[in-house]
Amino acid sequence: MVEAVPRGRVIAPRDDTVVVEGNQYFPPGSGDEQYLQASRTKSSCPWQGVAFYDPVQVDRSVGRTGAWTYRHPSPLARRIRNHVAFWGDVTVQDTGAGTR
């Protein structure tokens, strides 16, 4: 089981994440979308495509960093389309529970 934990709250416990370049990508519908705040911030990865970054809000507190997703990844990265990865203010931890 892998969890995304901003400010002490577990927001996306999953056992079906996808690991790419050491990052855990949580599948769409993980329940984490309710914590993401829309942003226009984006960057480009040579092989994955354009990443969109969203701050994470928990209990009315919005972090400066938080999550990114590839809405339209390159064909090489299609398995992470619309999956969410976390960074910065959000800790991603493997609890060891369940199977992956």
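**A buried aspartate in an all-strand model**

Okay, so to start: of the 100 residues in this protein, 44% are buried. Keep in mind that what we have on screen is a predicted model.

Quick tour of the fold. There are eight strands and zero helices, so if you read along the sequence you just get β-β-β-β-β-β-β-β. For overall dimensions, the C-alpha atoms fill a box of roughly 35 × 35 × 20 Å along the principal axes. The radius of gyration is 13 Å, which agrees with the value near 13 Å that a compact globule of 100 residues would have. As for surface, the accessible area comes to about 5,800 Å², and carbon and sulfur atoms hold 49% of that. And on contacts: take those with a separation of 6 or more, and 45% of them link residues 24 or more positions apart.

Now, the residue I wanted to show you is Asp54. Where does Asp54 sit? In strand E5, which runs over residues 49-58. Asp54 is buried, and yet has no salt bridge. Which side chain of opposite charge is nearest? That would be Arg71, at 4.3 Å, and the salt-bridge cut-off here is 4 Å, so the pair doesn't count.

So what does Asp54 have around it? Leaving out residues up to four places away in sequence, Asp54 touches Leu36, Gln37, Ala38 and Ser39, then Gly66 and Ala67, plus Arg71 again. Ser39 is worth a look: its backbone nitrogen lies 3.4 Å from a polar atom of the Asp54 side chain.

That's the picture, then: a buried Asp54 without a salt bridge, with the backbone nitrogen of Ser39 3.4 Å from a polar atom of its side chain.

Note on methods:
Residues numbered from 1 in each chain as written. Predicted model: local features only at pLDDT ≥ 70, side-chain atom pairs only at ≥ 80, totals over all residues. Heavy atoms only, no water. Helix = DSSP H or I, 4+ residues; strand = E, 2+ residues; numbered from the N terminus. Buried < 20%, exposed > 50% of the residue type's maximum accessible area, 1.4 Å probe, protein only. Lys, Arg positive; Asp, Glu negative; His and termini not counted. Polar contact = N/O pair within 3.5 Å; in protein donor to acceptor, adjacent residues only side chain to side chain. Contact = heavy atoms within 4.5 Å. Rg over C-alpha atoms; globule rule 2.2 N^0.38 Å. Areas by Shrake-Rupley, 256 points an atom, 1.4 Å probe, with all protein chains shown as cover.
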